[in-house]
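I opened a fresh notebook page for this structure and wanted to see what I could look up in it. Here are my entries, in the order I made them.

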Amino acid sequence: MGDPMRIRATENGGVTEVKILMKHDMESGQRKDATGKVIPAWHINTVVAKVKDKEVFTAQFGPAVSKDPFLNFKFKGAAKGDKLSVTWVDNRADTRTDEVAIA
Amino acid sequence: MNPKRRDTLRLMAVIGLMASTGLITQAQAAEWNKLAFDGKSLDDVLKAFGGGAAEKSADVSFNAPDIAENGAVVPVGVSTTLKATEIAIVVEKNPSALAAHFSLPAGTEPFVSTRVKMGQTSNVLALVKADGKWFVASKEVKVTLGGCGG
């Protein structure tokens, strides 16, 4: 279970803008530690955002997404007060879900 | 008997059970496209997504800095006037070309912005799938400090 995400969702004129900051090391699998051993890749694989159980956005990340990934997207069809839930799963099958009300 | 193989089988059985009992929802079980993320070049990535060559398009607008001081955090943004269903970001000279892939269901704006790592100065490509075809816009980003190696 990772650390909480920071999610901001604001509705304006029918379009909801979402900004997410996930807390994850996103280890690339390219780096070596002090003894010269490769540090194994450890990164978020998939991110799914849902409103009322309907997917509004899905992302697949490779190891080339920056540490503590940031995501910004916009969608239509949600109202203020609706709950937006965001779930990520990493390549060690660790997962985290956070929910915010759309403002 | 190979004990490692036993472990793998057991793990697979557990994951299968979790998926079937609903512990993992359908969306979470959605396949991470390993083939695409293993691709070393734009062609590999496009092939993995089942597309042909990507067509250059002025309707895809791509925001990235000219010079990235820190290759570990390069902000990129893609937007388009096309009816996009998928967007992908590709860094040509990274060890694995594909950085991220986004699926946009109906009702989601054809816009996304995120941050990627770059090992060295490279062309960064924004791929947009609209009407079953891939369109591309590219930009060279100069990196003064790489973000992939140690």
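**Entry 1: chain B, the layout.** I counted the elements of chain B and got four helices and nine strands. Going from the N terminus, I read the order as α-α-α-α-β-β-β-β-β-β-β-β-β. I should jot down right away that this is a predicted model. Next I looked up burial: 36% of the 150 residues of chain B count as buried. I also checked contacts in chain B with a separation of 6 or more, and 66% of them join residues 24 or more positions apart.

**Entry 2: the strands around E9(B).** Which strands pair with E9(B), residues 133-143? I found strand E1 of chain B, residues 55-56, running parallel to it over two bridges. In that pairing Lys56(B) sits opposite Val136(B). Strand E3 of chain B, residues 67-68, is also parallel to E9(B), again with two bridges, and here Ile67(B) faces Lys142(B). Then I came to strand E8 of chain B, residues 122-130, which is antiparallel to E9(B) and shares nine bridges with it. One of the facing pairs I noted is Asn123(B) with Glu140(B). E8(B) and E9(B) make a hairpin, with two residues between them. I clicked on Asp131(B) in that turn and noted its positive phi, about 50 degrees.

**Entry 3: the core.** Which residues have the most contacts inside the largest nonpolar core? The core has 63 residues, and the answer is Ile87(B), Ile89(B), Val90(B), Ala99(B), Val116(B) and Leu127(B). Strand E5 of chain B, residues 84-91, gives the most to this core: six residues. I picked Val90(B) for a closer look and left out residues up to four places away in sequence. Val90(B) then touches Leu42(B), Val45(B), Ala97(B), Leu98(B), Ala99(B), Leu125(B) and Leu127(B).

**Entry 4: a loop residue in chain B.** Is Ala106(B) buried or exposed? I found Ala106(B) in the loop between E6 and strand E7 (108-116) of chain B. It counts as exposed because just 10 other C-beta atoms lie within 10 Å, and the cut-off for exposed is 12 or fewer. I also took the C-alpha separation of Ala106(B) and Lys129(B), which is 13 Å for two residues 23 apart along the chain.

**Entry 5: a loop residue in chain A.** Over in chain A, I went to Asp25(A), in the loop between strand E2 (15-21) and E3. How exposed is Asp25(A)? It has 13 other C-beta atoms within 10 Å, so it is partly exposed. Leaving aside neighbours within four places in sequence, I found Asp25(A) in contact with Trp42(A) and Lys67(A). Lys67(A) is 42 residues away along the chain, yet the two C-alpha atoms are separated by 5.1 Å.

**Entry 6: where the chains meet.** How many residues does each chain bring to the contact? I got 33 from chain A and 33 from chain B. On chain A, strands E3 (44-51), E4 (54-61), E5 (70-76) and E6 (83-90) each supply at least two residues of the side that touches chain B. By class, that side of chain A has 15 nonpolar, twelve polar and six charged residues. My last find was a pairing across the chains: E4(A) runs antiparallel to strand E6 of chain B, residues 98-103, joined by four bridges. There, Thr58(A) has Ser103(B) as its bridge partner.

Methods
Residues are numbered from 1 along each chain as its sequence is written. Chains are lettered from A and ligands numbered from 1 in the order in which they are written. This is a predicted model: local features need pLDDT of at least 70, side-chain atom pairs count only at pLDDT 80 or more; totals for chains, interfaces and linings use all residues. Two residues are in contact if their C-beta atoms, placed from the backbone, lie within 7 Å. Ala, Val, Leu, Ile, Met, Phe, Trp, Tyr, Cys and Pro count as nonpolar, Asp, Glu, Lys and Arg as charged, and the others, Gly among them, as polar. Two strands pair if DSSP finds at least two bridges between them. A residue is buried if 20 or more other C-beta atoms lie within 10 Å of its own, exposed if 12 or fewer, and partly exposed in between; C-beta atoms are placed from the backbone. A nonpolar core is a set of buried Ala, Val, Leu, Ile, Met, Phe, Trp, Tyr and Cys residues joined through C-beta atoms within 7 Å.
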